[in-house]
Amino acid sequence: FFASMSNGLELSMYVERINQMSGLHEIRLLRLQDQSFFTDALIFMGYANTRESSNIDRNLYKLPPPSSKSFFKNIGILKGEIFDGQVTHINTPTNFYIQKIVDGCQLVIQFMKDLNSTYSDMGPQDNMVYNPTPGMTVAAKFSDGSWYRATIICIPRSCFIEVQFVDFGNVETVDWKNVRLLLPKFYKIAAQGLKCSLSDVTPKNEKGWTVSAKRKFEQLTKDKLLRVYVDEVSENNVKVILYETQRNQDVCINGCLVEKGYAVSVGQSSAQSKFFRTPVEQSDVDKNSSTSSMSKSQSRKSDLLTKEEATEAEKQEVEGLEQDATRVRVTVLKAVSPAELYITFDNVQKQILSLSEEMSKFYESTVMDAKDWAVGDLCAVRRDSDRKWYRGVVTEVSNDDYKVFIKDIVEVVETSAVGLRILNPRFNSVMDGSVKCHLSGVLPSGGSKAWTRASIDQIKAIISERSTKSQYYITKLGDYDNGSLPIQLWIKEDTHQGPLDPIKEEWKDLSKMLLSLGLAIPDRSCHLSYNISKPEVEDSNSGDSVNIQQWLETSFQGENYKQHNSHQRRPLSGTAGNLPRHMETATSNLITKWRPALPFKELDFVAIPSYVDYDGAIYLQHVEAQNTLQLIQRALENIFKGTEPKPHDKDWSVGQICIAYYEQDGNWYRGKVVKVIDEEHIEVLFVDYGNKEELQSDQLRKRVILDHIPLQCHRCLLDGIIPVSSNHKWPLRALDFIHLTIV
């Protein structure tokens with residue numbers, strides 16, 4: 001071994017000491033070819049042991065290695081960049097490697113072939129690494145028999161080296177004979193393995209990513225060409241959103257992990273898993289559905305809504321619009337502290353009252369169960385104050401006395417075993433009557449983890465003082481956190497300035513009220529909107545507040561009541577996984593078309609023309625639709641103002657519905673793609689007005705809300721007249737005349 005290292009090679013010798021008696025020189029030998037000390041190589045091979053430390057500064061005798069700074073650079077990746085890539089190695093969903101695919105990777109493929117050919121043809125002693133050190137760049141032979149670029153991670157034992165293949169990301173322990181010095185010409189191309197993590201997802205399990213989560217991620221990405229959107233770039237990691245582009249849809253891998261229950265969503269990028277492409281079809285205000293303002297078909301009773309039906313439909317539209325905005329109306333049942341609030345929905349409370357009546361009839365005729373009750377047990381409990389039965393959970397046991405928490409009405413009652421029964425599964429069909437919440441974005445003042453008595457008293461006073469004259473709304477700011485829903489709580493109050501002045505709507509944010517009083521400090525890890533007049537929702541919450549109650553109800557379905565024991569002050573065994581699995585994504589209720597406009601309420605009505613198209617068709621909005629249009633505009637502004645397009649927002653096909661930005665007035669409107677001019681330019685129909693505009697692709701959003709509200713304009717034709725032109729087309733001067741006259 002010593003001879004193979006030294007024969008025919010130029011060496012550098014350093015004399016450590018000279019024995020004065022024998023004249024023996026003790027030296028260090030350095031191979032200039034690869035900067036290897038003979039002593040280190042002999043120790044690595046197991047032929048020698050260290051006798052004692054030497055005072056030699058080895059760096060003085062080593063030549064500088066080839067620079068690897070550019071070799072490990074993230075090949076010029078920038079935030080917001082979109083490219084095609086392939087996952088090459090997975091440790092976890094937040095630690096994996098991607099290869100960027102450019103022009104079929106022909107250059108990289110040829111580069112790899114040249115490297116493999118070069119090292120396959122080398123002799124057994126050529127470019128051997130006798131002194132491997134962590135961080136050294138080398139060529140290593142993989143288990144498939146081919147050579148690849150790598151870096152040395154560590155020396156696990158003699159004669160073996162642990163390396164990471166830099167173009168793929170995988171780690172392997174190889175025999176030292178299969179590791180060679182990397183020739184300078186193979187530094188020219190940067191490392192192709194891009195270390196990445198999925199944006200806006202965290203492990204569902206508190207201990208980290210499970211084996212099943214990793215396996216699912218592998219299934220979703222294995223051998224697939226993916227569209228990669230760069231969300232954030234740091235020195236050692238790139239946060240990305242991955243999409244599998246299919247024929248009729250784009251599948252977001254981030255959202256799929258959340259939808260399948262393997263991850264928790266912490267932002268918009270993972271709030272939805274599928275983005276469908278609809279087939280080419282005519283617009284919702286199609287020529288074939290045109291109605292003449294004097295059309296005989298409108299005289300048929302079957303085509304008209306009665307005034308009562310129209311009024312009810314309009315009421316439902318407005319109510320639905322309120323729920324589709326960024327705030328959802330709730331009732332605050334109890335305020336314990338800023339970290340413990342209980343809210344409910346009116347219709348849920350009605351169900352709870354009905355459920356209690358049914359339980360009371362059922363349990364009044366039953367006898368006491370012979371059961372040893374323990375803390376955490378679900379039960380039916382009799383409430384002495386009204387002599388009714390409720391669903392509950394045992395929170396304290398003392399001999400034959402029990403304390404039971406009735407979550408449906410947020411009350412703790414004391415009872416004996418006589419007042420307890422085993423909960424019949426038939427009473428699990430209704431979701432919990434209350435939802436435990438906490439104010440997100442604020443922390444206790446003074447650096448304490450516990451809320452002060454002053455802050456607790458203040459929030460109780462605010463809630464109790466405004467209980468009769470105020471309305472409460474919440475914005476959902478994420479998934480359950482230790483059994484509690486993070487929210488932003490809004491207080492809506494109507495103030496009267498004077499007898500002749502209009503009622504003024506005032507919005508107050510409870511978190512900001514606590515901050516202004518010095519009873520809380522902002523949590524810098526969270527972002528809250530403090531625009532009181534129009535509370536905005538950041539992209540990270542875009543899928544949450546649209547339908548909170550539906551999400552809660554869906555989370556409850558398929559789970560029994562035990563899986564919602566979120567009230568507990570301390571963790572109980574077996575309850576860690578009993579919370580809703582994940583945020584409900586929009587995949588279960590995908591929106592592909594707008595609801596068509598409702599028939600006119602009567603034959604004679606007041607309408608507002610909004611547009612005249614090239615066929616002479618006039619787009620009319622009923623005068624009573626103006627309030628609905630304003631509500632739509634405000635809701636869209638609250639949600640989409642200031643947002644940045646996500647990668648799925650840049651790929652469009654004819655027929656897709658969207659939310660589109662109209663640059664002339666700076667507002668967002670409901671729309672539909674009618675023509676894809678190129679990747680950057682899309683022609684959009686503003687469906688509530690009738691006009692078509694050419695927009696930039698980044699001015700469109702695929703996230704669609706307010707789909708339950710019908711279109712607000714009708715495409716109408718003038719009855720009894722046709723153009724005088726030979727081609728039966730209206731000349732521009734005639735269209736200009738119509739437009740100037742009525743629009």
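## Exercises on burial and pairing

At 18% relative accessibility, R383 counts as buried. That residue opens the exercises below, which work on a predicted model.

### Exercise 1: a pair between two strands

Find the salt-bridge partner of R383, and say where the two residues lie and how accessible each one is.

Solution.
- Start with the partner: R383 forms a salt bridge with E411, and their closest N and O atoms are 2.9 Å apart.
- Next, place both residues. R383 belongs to strand β21 (residues 378-383) and E411 to strand β24 (residues 411-416), so the bridge ties together parts that are 28 residues apart in sequence.
- Then check the accessibility. The cut-off for buried is under 20% relative accessible area. R383, at 18%, is therefore buried, while E411, at 25%, is partly exposed.

### Exercise 2: a pair inside the protein

Determine whether D167 and R149 are buried or exposed, and describe the contact between their side chains.

Solution.
- Take the contact to begin with: the two side chains meet in a salt bridge, with 2.7 Å from N to O.
- Now locate the ends. D167 sits in the loop between β8 (160-165) and β9 (171-175), and R149 is in strand β7 (residues 147-157); this pair, 18 residues apart, links distant parts of the chain.
- Finish with burial. D167 has a relative accessible area of 0% and is buried; R149 is also buried, again with 0%.

### Exercise 3: a pair at the cut-off, and the wider count

Work out how E396 and K403 interact, then put the pair in the context of the whole structure.

Solution.
- E396 and K403 form a salt bridge whose closest N and O atoms are 4.0 Å apart. The distance criterion is within 4 Å.
- On accessibility, E396 is partly exposed at 39%, and K403 is partly exposed at 30%.
- Searching the whole structure gives 19 salt bridges. Some residues join in a network of such bridges: E364, R382 and D384 are linked in this way.

### Exercise 4: the buried side of a helix

Which residues of helix α4 are buried, and what covers them?

Solution.
- List the buried positions: in α4 (residues 211-221) these are A213, K216, F217, L220 and T221.
- Consider their directions around the axis. They span an arc of only 125 degrees, which means that they lie on the same side of α4.
- Recall the helix geometry: with 3.6 residues a turn, an α-helix has residues three or four places apart pointing the same way.
- Look at the cover, which includes the strands β4 (82-92), β5 (95-101), β11 (193-198), β13 (226-233) and β14 (238-245), along with helix α5 (253-259).
- For contrast, take V211, which is also in α4. V211 is exposed, at 61% relative accessible area. Its C-alpha atom is 8.8 Å from that of T92, although 119 residues separate the two along the chain.
- Just after the helix, D223 adopts a positive phi of about 55 degrees.

### Exercise 5: cysteines without a bond

How many disulfides does the structure contain, and where is the nearest cysteine sulfur to that of C252?

Solution.
- A search of the whole structure returns zero disulfides.
- For C252, the nearest cysteine sulfur belongs to C256 and is 7.0 Å away, and C252 is in no disulfide. The disulfide cut-off is within 2.5 Å.
- Add the burial: C252 is buried at 0% relative accessible area, and C437 is buried with 0% as well.

Definitions and conventions
Residues are numbered from 1 along each chain as its sequence is written. This is a predicted model: local features need pLDDT of at least 70, side-chain atom pairs count only at pLDDT 80 or more; totals for chains, interfaces and linings use all residues. Side-chain values use heavy atoms; hydrogens and water are left out. Buried means under 20% relative accessible area, exposed over 50%, partly exposed in between (1.4 Å probe, protein chains only). Helices (H or I, at least four residues) and strands (E, at least two) are DSSP runs, numbered from the N terminus. The arc is that of the directions from the helix axis to the C-beta atoms. Contact means heavy atoms within 4.5 Å.
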